[in-house]
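Hi everyone, and thanks for making the time. I'd like to walk you through a structure that may be new to you, so settle in and have a look at it with me.

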Amino acid sequence: MPTRDDDLDLAFSDQVLPEVEVLLRVARSMTSQPVDAEDLVQETLLRAYRSNGTFDGQHPRAWLLTILRHTAVNLNRRRRPGLLDDPEAALERLFARSASVLTSPEEIIVEREFDTVVGTAFTALPDKYQQVVRLVDIEGFSYEEAAQALGIPAGTVMSRLHRARNRIRRQLSAAGASRQPAPGRMDGKP
Amino acid sequence: MTGPQRVGWVWSRYECRQVARLVQSYLDGEVDGLTADRVGAHLEECRRCGLEAETYAEIKHALARRCDVSAAAVDRLRAFGERLIAEDGEEESRDD
């Protein structure tokens, strides 16, 4: 005869476990390293399992995301990233390179150099900006999905995202790594 | 939004300003179809706005290349969840 515990286990299996990937992507936006994101989701699953009795059966994703956010605050394991050993030196090298080489601004972007500057600019973003960029540009969430994940309005997602990308774009321009039209041609003619 | 504002070959600043406000949402697929058509048409004909849009698109592509959520991690976490259920069941049957 099925016990109440069996029902809860079934609910956990049917409703919670399918959300693991979404939880991991959201957790990745709250941590500096993939391994921390995994730890965060593991702790979230544990808490969800233990509080399974409080789940009303509606909107499992929203319920889990709330637990995830609370768990993230409690664990408080945010460390500054070390993706580039010396981000400032990398940028300085790019400045020096663009100053000494006489090339036209329409030069083809070297993908690796571009990625380096974007990466540096991304990791230098304030946490709140980094989070939305992570969710939308890296994990592929829509504005609405990102809003739900973070518990903030979609309008806030949009404004943080646009400002963050603006910053990245300005750093690209400063490093000479973006395309600009030739000076003097502000019109639409090539 | 009114139609294209052209004086000779020069785009009016009005249209470019409007597009500048919308270009990121447009690239994110977050504008309605009519707006998308208008923005897209402007970007095809206005070199300056087109280059700006390309820069944003390249930023998005560079960022997307940083995705590091692995299927293996998802599998490990699901296995963890399954173990929670299984071990709880084992405890229950020990208590019986």
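Let's begin with chain B: it has 96 residues, and 35% of them are buried. Before I go further, please keep in mind that this is a predicted model. Chain B is built from 4 helices and 2 strands. If you follow chain B from the N terminus, the order is β-β-α-α-α-α, with the strands ahead of the helices. As for contacts in chain B with a separation of 6 or more, 46% of them join residues 24 or more positions apart.

Now over to chain A. Here we have 9 helices and 0 strands, so to speak a run of α from the N terminus on. Chain A has 190 residues, and 42% of those count as buried. Among its contacts with a separation of 6 or more, 69% are between residues 24 or more positions apart.

Where do the buried nonpolar residues come together? The largest nonpolar core contains 66 residues, and Phe12(A) and Val26(A) are the ones with the most contacts inside it. The element that gives the most to this core is helix H3 of chain A, residues 34-50, which supplies 7 residues. As a bit of background, nonpolar side chains in soluble globular proteins tend to be buried together.

Let me stay in chain B for a moment and show you its helix H3. It has 18 residues, which at 1.5 Å a residue should span 26 Å, and the end C-alpha atoms of H3(B) are 25 Å apart, in agreement with that. Quite a list of residues in H3(B) is buried, including Cys49(B), Leu51(B), Ala53(B), Tyr56(B), Ile59(B) and Leu63(B).

Two of those names link up with another helix of chain B. Val19(B) sits in helix H1, residues 13-27, and it counts as buried because its relative accessibility is 3%, where the cut-off for buried is under 20%. Setting aside neighbours within four places in sequence, Val19(B) touches Val39(B), His42(B), Leu43(B) and Cys49(B). Val19(B) and Ala53(B) are 34 residues apart in sequence, yet their C-alpha atoms are 9.7 Å apart in space.

Next, please find Leu63(B), which also belongs to helix H3 of chain B. Is Leu63(B) buried or exposed? Leu63(B) is buried, at a relative accessible area of 0%. And what is Leu63(B) in contact with, beyond its neighbours within four places in sequence? The answer takes us across to chain A: Val118(A), Phe122(A), Val133(A), Asp137(A), Ile138(A) and Ile168(A).

Two of those partners, Val118(A) and Phe122(A), are themselves among the buried residues of H6(A). Helix H6 of chain A covers residues 111-123, and its 13 residues reach 18 Å from first C-alpha to last, close to the expected 18 Å.

That brings us to how the helices pack. Two packed helices are described by the angle between their axes and the distance between the axes. Take helix H7 of chain A, residues 127-138, and H3 of chain B, residues 47-64: their axes come within 9 Å and cross at roughly 90°. H7(A) and H3(B) are therefore roughly perpendicular to each other. On the H7(A) side the contact uses Val133(A), Asp137(A) and Ile138(A), and on the H3(B) side Lys60(B), Leu63(B) and Ala64(B). By type, that contact has 4 nonpolar residues, no polar ones and 2 charged.

H7(A) has a partner within its own chain too. Its axis comes within 9 Å of the axis of helix H9, residues 154-174 of chain A, and the two cross at roughly 95°, which makes H7(A) roughly perpendicular to H9(A). H7(A) brings residues including Tyr129(A), Val132(A) and Val136(A), and H9(A) brings residues including Val157(A), Leu161(A) and Ala164(A). This contact divides into 7 nonpolar, no polar and 6 charged residues.

While we are on H9 of chain A, it also holds Ser159(A), which is partly exposed with a relative accessible area of 27%. Ser159(A) and Gln33(A) are 126 residues apart along the chain, and 25 Å separates their C-alpha atoms.

One last stop: His59(A), in the loop between H3 and helix H4 of chain A. His59(A) is not a glycine, but it has a positive phi of about 45°. His59(A) is also exposed, with a relative accessible area of 59%.

That's my tour, and I'm happy to take questions.

Key
Residues numbered from 1 in each chain as written. Chains lettered and ligands numbered in written order. Predicted model: local features only at pLDDT ≥ 70, side-chain atom pairs only at ≥ 80, totals over all residues. Heavy atoms only, no water. Axes fitted to C-alpha atoms, helices over the stretch in contact; angles between N-to-C directions. Parallel < 35°, antiparallel > 145°, perpendicular 65-115°, else oblique. Contact = heavy atoms within 4.5 Å. Nonpolar A, V, L, I, M, F, W, Y, C, P; charged D, E, K, R; others polar. Expected span 1.5 Å × (residues − 1). Buried < 20%, exposed > 50% of the residue type's maximum accessible area, 1.4 Å probe, protein only. Core = buried A, V, L, I, M, F, W, Y, C linked by side-chain atoms within 4.5 Å.
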